[in-house]
Amino acid sequence: LTPMSTLAHLFPIKILPEDIDFMGHVNNSRYLNWVQEAVLEHWRKLAPPDAVAARAWVALKHEITYRKPAFLNDVDVVATTVLESIHGARAFYETVIKRGEEVLAEVKSSWCCIDAQTLRPARIGSEITAYFFPKSD
């Protein structure tokens, strides 16, 4: 398991009325949705189309540290997700959700890549990893 870190993937967030809970701010569960959307968008953006079609991802673990609440009229809310490493069929991400420069939440998550047909874990080989961790000369 080697920490490498890819380029950050930016995922803009639009807060919708249905995201707001009884306390008037974004419900904690929405942060999980945003992280999932950001991670999956990152995969679809960088992985080759055949790999995207043949594989799917399931979340194994999320560890969220909430720093500040988000509100309906907030603008400039962005999830910045970084793929830290890949080990076998597992991928480890760090996502920071910010409003401008203010950190709203920090999330560490691990994911398992599965074969879309068999639903069994699918190793991420070096031919795919290379799309996410380009060699720098």
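**Entry 1: Glu 63**

I looked up what Glu 63 touches in this predicted model. Setting aside the neighbours within four places in sequence, I found Glu 63 in contact with Glu 106, Val 107 and Lys 108. Glu 63 belongs to strand E2. Is Glu 63 buried or exposed? I noted a relative accessible area of 48%, so Glu 63 counts as partly exposed. The cut-off for exposed is over 50%. I also took the distance from Glu 63 to Gly 24, which lies 39 residues away along the chain. Their C-alpha atoms are separated by 23 Å.

**Entry 2: aromatic rings**

I then turned to the rings and found 4 aromatic pairs in the structure. One of them joins Tyr 31 and Tyr 66. How are the planes of these two rings set? They stand at 85 degrees, with the ring centres 5.2 Å apart, so I wrote the pair down as edge-to-face. Planes over 60 degrees apart get that label. The two partners come from distant parts of the chain, 35 residues apart. Tyr 31 sits in helix H1, which covers residues 28–46, and Tyr 66 sits in strand E2, which covers residues 55–66.

I checked how much of each residue is accessible. Tyr 31 has 1% relative accessibility and therefore counts as buried. Tyr 66 has a relative accessible area of 37%, so I listed Tyr 66 as partly exposed. I also noted that Trp 34 joins Tyr 31 and Tyr 66 in one aromatic cluster.

**Entry 3: the whole chain**

Next I went over the protein chain from end to end. How many helices and strands does the protein chain have? I recorded 3 helices and 5 strands. Starting at the N terminus, the order of the elements is β-α-α-β-β-β-β-α.

I looked up the overall dimensions too. The C-alpha atoms fill a box of roughly 45 × 40 × 25 Å along the principal axes. The radius of gyration is 16 Å, and this agrees with a compact globule of 137 residues, for which a value near 14 Å would be expected.

I wrote down that 39% of the 137 residues are buried. Of the contacts with a separation of 6 or more, 69% are between residues 24 or more positions apart.

**Entry 4: surface and charge**

Last, I looked at the surface and the charges. The accessible surface of the protein chain is about 8,100 Å², and carbon and sulfur atoms account for 55% of that surface. I noted 15 positive and 17 negative charges. The mean positions of the two sets lie 5 Å apart.

Key
Residues are numbered from 1 along each chain as its sequence is written. This is a predicted model: local features need pLDDT of at least 70, side-chain atom pairs count only at pLDDT 80 or more; totals for chains, interfaces and linings use all residues. Side-chain values use heavy atoms; hydrogens and water are left out. Helices (H or I, at least four residues) and strands (E, at least two) are DSSP runs, numbered from the N terminus. The radius of gyration is taken over C-alpha atoms; the globule rule is 2.2 Å times the number of residues to the power 0.38. Buried means under 20% relative accessible area, exposed over 50%, partly exposed in between (1.4 Å probe, protein chains only). Contact means heavy atoms within 4.5 Å. Accessible areas come from the Shrake-Rupley method with a 1.4 Å probe; for residues, only the protein chains shown count as cover. Lys and Arg count as positive and Asp and Glu as negative; His and the chain ends are not counted. The place of a charge is taken as NZ of Lys, CZ of Arg, CG of Asp or CD of Glu. Rings of Phe, Tyr and Trp (its six-membered ring) pair if their centres lie within 6.5 Å; planes under 30 degrees apart count as stacked, over 60 as edge-to-face and the rest as tilted.
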